[in-house]
Amino acid sequence: MRPQARKPFDQSTIPNDLCPIATEHVVLKTGDWRAERPVVDRDKCVKCATCWVYCPTQCIVEKKYWFEANLEICKGCGICAQECPHHAITMVEELED
Amino acid sequence: MAKTIVCDGNEAAAWGVALARPDMVAVYPITPQSSLAEYISQFVADGIIQADLMDVEGEHSVLSVLQGACLAGARTFTASCGQGLAFMFEPYFRTPPLRLPIVMSIVTRDGITPQCVWGGQQDAMTVREVGWVHMFCENGQEILDTVVMAFKIAEHRDVMLPVNVNHDGNYLSYGVEKVEIPDQEEVDDFLGEKNTNWHVALDPDRPMGVDPLTGGAGGPGPAMFARYRKGSCKAMQNALPVITEVHQEWGKRFGRYHAPLVEEYFLEDAEYAIVTIGSMAGAGKDAVDIAREAGERVGLIKIKTFRPFPLQVVCQALSKVRTVGVVDRSVSFGWNSGPVYQELLSAQYFLEERIPAVSFIGGLAGADITVEHFSGVIETTARALRGETVAHPIWLNE
C-alpha cells in the first residue's frame with residue numbers, strides 16, 4: 001500500500017491563469033487516441049508486474065488476480081503486450097460500436 | 001555598513017547575487033560570463049554565499065535544475081550568454097509560463113557565426129519574445145543594484161516571472177569601476193520575506209502535476225492554454241508598475257535612483273534625440289554634452305527595460321522630440337535594422353504624429369561605440385531633422 005497524500009494542494013488558492021498545475025490525474029483522455037486495446041488473458045497473467053513497469057503512461061492497474069490497463073488512459077502502444085514474459089496480453093483492434 | 005570597492009561588472013553582478021541570499025545557483029561557464037560564474041563559485045567556497053552550487057554538464061541542465069529548485073521553494077540565480085543561452089533555449093522557453101521567479105544575468109555576446117566570443121546584444125535580443133523580463137544595465141553599479149532588485153520584481157505576486165538582467169559583454173563584464181555594496185541587513189529588509197513557490201509548492205504531502213498536457217482541439221485544452229498565455233501577458237504588463245515601484249523604493253533606501261524603464265537625458269528642450277540601450281549610453285551622453293556645448297538641442301533616451309516594452313514612457317519621451325536616431329547593438333534580420341529601432345517604430349503608431357527615425361547598428365562582436373561614433377550619429381540625426389533623406393541602416397563599425 002502506497003502512502004496516501006494527507007492534503008492535496010488546494011488549486012483554488014491561486015489564480016487560474018498562473019501556473020499550469022493539476023491535482024486531478026486525468027486531464028486528458030488519451031484513451032481516445034487508441035487504435036488497438038490490450039486484452040489480458042487472466043489465466044496466463046501471473047501478476048509479475050512487467051506491464052506495470054513498462055507502461056509509458058502508467059495506466060496499468062492492479063486487480064486481485066491480474067493486471068489490466070485503464071482504458072481511459074491507455075493509448076494502445078502495445079509495449080505491455082511486447083514485454084509480457086507470459087504472452088498474456090494481446091492487442092485487439094478497436095472497432096467502432 | 002555599505003562599502004565601496006573597485007570591481008568589474010561580472011563581480012558587481014556576483015555581489016548583487018550574494019546580497020540576495022540565493023538558495024541555489026547553477027552555472028556553466030561561457031565567455032564573457034565565465035568570471036561571473038567563477039566569482040559566485042568563490043563566494044560559495046568562502047561562505048559569502050550560502051547556497052548550493054550546481055556544476056552541471058551544460059546550460060540546458062542549468063535551467064532545468066533551477067526550475068526544480070524554484071518549484072521546491074529556492075531562490076535561484078544563473079548567468080549565461082551567446083551559445084550557452086542558445087543551448088538553454090528549451091527550458092528557457094518553459095520558465096515564464098511556469099511562472100518561476102528565476103533571475104539570470106545575460107552577459108551579452110554576439111551571435112555566432114562568424115565565430116566570435118565578444119560583446120554584442122544579439123543573444124538577449126534574439127530571446128526577447130519568450131516572456132522573460134529584460135533589463136539592460138549601463139554600468140557596474142547599475143548591474144549590482146538591478147540584480148538585487150530583479151529578485152524583488154520577479155517574486156512580486158503580481159509578476160511571478162523570470163527576470164534577465166543584461167550587461168554588455170567585454171565593456172561591462174570586464175570594465176572596472178567603483179561600485180558601492182550596500183549593507184546586507186538593509187538589503188534583507190528591502191527584499192523582505194522570500195516565497196518563490198506559493199503558487200506551486202512542490203510538496204510530497206500535497207501532490208500535484210506541474211505542467212500537465214493540456215490537450216488538443218476538441219477538448220478543454222486550447223481554452224486552458226489560451227488562459228495561461230493571457231495570464232503571462234497580463235503578468236508582463238503588471239511588471240511595468242512593479243519595476244517602477246521597486247526602483248523608487250531602492251532609490252529611497254539606498255540613495256541611488258536608476259531610471260526603471262526609460263531614462264531621459266536632456267530631453268525637455270530637445271529638438272531631436274538619440275536612443276541607446278546598455279553600456280553605450282555613457283558614450284552617448286558624452287556626445288550629447290559635446291553637441292549641446294556647440295548649441296545643438298539634442299537629448300538622449302536610454303532604454304533600460306526592454307521587456308515588457310514600456311510603451312507609455314517611450315511615447316512620452318518620443319513626443320518631446322521631432323526626430324530620433326536609434327543605435328542598436330544587434331540586428332533584426334527580418335527588418336534590415338535593429339530591434340530597438342523596430343520597437344520605436346511600433347511605439348510611434350500610438351503618437352499623434354509620426355517623426356523621422358534613423359537606424360544605426362554598431363558595437364557588434366566587441367566593437368567599441370565611441371563618443372566620435374555618437375557625434376556622427378547626432379550629426380546624421382540632425383540632418384534627418386532638417387528634412388534630408390538619410391539612407392539607413394547606418395553601420396557604425398564598418
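## Parallel pairing at S7

Strands S6(B) and S7(B) run parallel and are joined by 4 bridges. Within this pairing, B:Val133 stands opposite B:Val163 of S7(B). The model is predicted.

S7(B) also pairs with S5(B), again in the parallel sense. Here the pairing covers 6 bridges. B:Ser105 has B:Val165 in S7(B) as its bridge partner. Strands of a sheet pair through backbone hydrogen bonds, either parallel or antiparallel.

## Burial along S7

S7(B) is mostly covered, with 6 of its 6 residues buried. B:Val163, B:Val165 and B:His167 point one way from the strand. B:Asn164, B:Asn166 and B:Asp168 point the other way. Both sets are buried. B:Val163 thus appears twice in this account: as a buried residue of S7(B), and as the residue opposite B:Val133. B:Val165 is likewise buried, and is the bridge partner of B:Ser105.

## The sheet of 7 strands

These strands belong to an open sheet of 7 strands in chain B. Its order is S3-S2-S4-S5-S7-S6-S13, and the pairing is mixed. Strand S3 (52-55) and strand S13 (305-307) of chain B are the edge strands, each pairing on one side only. From one strand to the next, the twist averages 20°.

At the S13 edge, the pairing sense is antiparallel: 2 bridges join strand S6 (residues 133-136) of chain B to S13(B). B:Met135 stands opposite B:Thr305 in S13(B). Helix H2 (residues 34-45) of chain B packs on the sheet. H2 touches strand S2 (24-27), S3, strand S4 (76-80), strand S5 (103-108) and strand S7 (163-168) of chain B. The direction of H2 makes about 135° with that of S3(B).

## The sheet of 6 strands

Chain B also holds an open sheet of 6 strands, ordered S10-S12-S11-S14-S15-S16. Its pairing is mixed. Strand S10 (262-265) and strand S16 (394-395) of chain B each have a single partner strand, so one side of each is left without a neighbour in the sheet. Helix H11 (residues 311-318) of chain B packs on this sheet and touches S10, strand S12 (298-303) and S14 of chain B. The direction of H11 makes about 15° with that of S10(B).

Strand S11 (residues 272-277) of chain B pairs with strand S14 (residues 323-328) of chain B in the parallel sense, over 4 bridges. B:Ala273 has B:Val324 in S14(B) as its bridge partner.

## A buried threonine in S11

Is B:Thr276, in strand S11 of chain B, buried or exposed? B:Thr276 is buried, because its relative accessible area is 0%, and the cut-off for buried is under 20%. Leaving aside neighbours within four places in sequence, B:Thr276 is in contact with B:Ala281, B:Leu300, B:Ile301, B:Lys302, B:Ile303, B:Val327 and B:Phe374.

## A nonpolar patch on chain A

On chain A, a nonpolar surface patch of about 400 Å² is made by A:Trp52, A:Val53, A:Tyr54 and A:Ile79. Which element gives the largest share of the nonpolar patch? Helix H1 (residues 50-54) of chain A does, with 3 residues.

A:Trp52 lies in helix H1 of chain A. Its relative accessible area is 45%, so A:Trp52 counts as partly exposed. That value sits between the cut-offs: buried means under 20% and exposed over 50%.

Notes
Residues are numbered from 1 along each chain as its sequence is written. Chains are lettered from A and ligands numbered from 1 in the order in which they are written. This is a predicted model: local features need pLDDT of at least 70, side-chain atom pairs count only at pLDDT 80 or more; totals for chains, interfaces and linings use all residues. Side-chain values use heavy atoms; hydrogens and water are left out. Two strands pair if DSSP finds at least two bridges between them. Contact means heavy atoms within 4.5 Å. Axes are lines fitted to C-alpha atoms, for helices over the stretch in contact, and angles run from 0 to 180 degrees between N-to-C directions. Patches are made of residues with over 30% relative accessible area and no salt bridge: like charges are joined within 9 Å, nonpolar side chains (Val, Leu, Ile, Met, Phe, Trp, Tyr) within 5 Å. Accessible areas come from the Shrake-Rupley method with a 1.4 Å probe; for residues, only the protein chains shown count as cover. A salt bridge is a side-chain nitrogen of Lys or Arg within 4 Å of a carboxyl oxygen of Asp or Glu. Buried means under 20% relative accessible area, exposed over 50%, partly exposed in between (1.4 Å probe, protein chains only).
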